[in-house]
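Trainee: I would like a close look at one part of this model, followed by how the rest of the chain is arranged around the strands and cores. Please take it residue by residue.

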Amino acid sequence: MAASLDPDEAKRMERRSRAMVGELPPDFLRLGIGERPAGTTDQTPNLTDPNTGLPLTQQQIQERLDEQAALALFHQLNVQAAPPRAHYQAPVNVRGRLLISVMQAKLVKNYGMTRMDPYVRLHVGHNIYETPTDVNGARNPKWNKTIQCFLPNGINQIYMEIYDECNFSVDELIAHAKINIPDEIFKGETSEEWYPLSGKQGDGKEGQILLVFSFMAAPAGAPSQNVGGFVPYTGPAAPVGKQHPHKVYLSNQPVNAAVPQEVTRATFNEEDFKQLKEMFPNMDEEVVRSVYEAAGLDKDAAVNALLQMCE
């Protein structure tokens, strides 16, 4: 009796029996004109040129197949890379939408050797907003910038600062003011008023700024959800100058946190100022003071700014 074959050896012999031996036929692996390969669909390109009606060459057929494969891959990658849609969340603990139009200012003094480039920074609750810079605005800058923001409950006052944008040093604080939000805007009216500015000249003696306030109440029964990370929207502005390049920092603290009635401001520290003068004895005292104030009375930030000025 003959010995039985090993199963692996039997498989190899069976595969060899199916192999083609000898020369390959002329049409091996070639697509015949007028034929549609098995498994293809109507999306496979036609084998004739629609313009001339002539049969396509093998190169033209391959080019069309490659084009379809590339388009399919492109759409697939776009779908995979598309970011998920942002889900809008209604504000929480918000009274409504506040609109502040920063129109223009009349300042009493132009600080510096050249014409000032003023811009406005507004503090509303935990958020900070800025206008574009009015290049060469000097004592009479015009911004015509409308800022839209949510007004948290408990906020009845905004804090405003006017800075002179400087190219080679820290932006200089020109004027500032605490402004009460007009009560009439909550009755559907619009308030347009000039507000006094404070600064080096004294309280209320640095000039005036024209602001227009309006308000849109939040709809009754609106859902309340967290809006941490909400980016404030600012409306279109007139082309008064270049866009202010500095970054506006927004607090990550949600607006439903306890909101103080007034924004707490740092106080001038004589000891810190004295140390700054001792650290930079060759720098004018007024320059050190201006940098210290522009840094928000933060000694470390003022040191870094003064070091950059000395380089």
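Does F268 count as buried, exposed or partly exposed?

Mentor: The model is predicted, and what follows is computed from it. F268 counts as partly exposed, because its relative accessibility is 28%, and the cut-offs are under 20% for buried and over 50% for exposed.

A search of the whole structure finds six aromatic pairs. In one of them F268 meets Y292 edge-to-face, with 5.2 Å centre to centre and 70 degrees between the planes. This pair links distant parts of the chain: F268 sits in the loop between β9 (234-237) and α3 (270-279), Y292 belongs to helix α4 (residues 285-294), and the two are 24 residues apart. Y292 counts as buried, because its relative accessibility is 0%. Y292 also pairs with F273, and here the rings are stacked, at 6.4 Å centre to centre and 15 degrees between the planes. That second pair also links distant parts of the chain, from F273 in helix α3 to Y292 in helix α4, 19 residues apart. F273 is buried, since its relative accessible area is 2%. F268, F273 and Y292 form one aromatic cluster.

Next, the nonpolar cores. The largest has 31 residues, of which M160, I162, I209 and F213 touch the most other members. The elements that give two or more residues to this core are β1 (94-107), β2 (118-124), β4 (142-152), β5 (157-164), β6, β7 and β8. β1 supplies the largest share, five residues. Leaving out residues up to four places away in sequence, F213 touches residues that include L98, L99, I100, I158, I179 and Y195. Polar residues are also on the list of contacts of F213, among them E189, T190 and S191. Apart from the largest core lies another, of 13 residues, and F273 is one of its members, as are V291, V303 and A305. F273 therefore has a place both in the aromatic cluster and in this core, in keeping with its buried state at 2%.

Now the strand pairing. Strand β6 (residues 172-180) and strand β7 (residues 191-199) run antiparallel and are joined by two bridges; A175 has G199 in β7 as its bridge partner. β7 also pairs with strand β8 (residues 202-217), again in the antiparallel sense, over eight bridges. One bridge partner across that pairing is Q208 in β8, for P196. A hairpin of two residues joins β7 to β8. The loop between β6 and β7 holds D183, which is exposed because its relative accessible area is 57%. D183 and N156 are 27 residues apart in sequence, and their C-alpha atoms are 8.9 Å apart in space.

Last, the charged side chains. E130 lies in strand β3 (residues 127-130) and is buried, because its relative accessible area is 10%. The side chains of E130 and R121 are joined by a polar contact of 2.7 Å. R121 has a second partner: its charged end sits over the ring of Y163, 4.9 Å from the ring centre. The charged end of K200 sits over the ring of Y111, at 5.1 Å from its centre.

Terms used:
Residues numbered from 1 in each chain as written. Predicted model: local features only at pLDDT ≥ 70, side-chain atom pairs only at ≥ 80, totals over all residues. Heavy atoms only, no water. Helix = DSSP H or I, 4+ residues; strand = E, 2+ residues; numbered from the N terminus. Buried < 20%, exposed > 50% of the residue type's maximum accessible area, 1.4 Å probe, protein only. Polar contact = N/O pair within 3.5 Å; in protein donor to acceptor, adjacent residues only side chain to side chain. Pairing = 2+ DSSP bridges. Phe/Tyr/Trp six-rings, centres within 6.5 Å; stacked < 30°, edge-to-face > 60°. Lys NZ or Arg CZ within 6 Å of the ring centre and 35° of its normal. Core = buried A, V, L, I, M, F, W, Y, C linked by side-chain atoms within 4.5 Å. Contact = heavy atoms within 4.5 Å.
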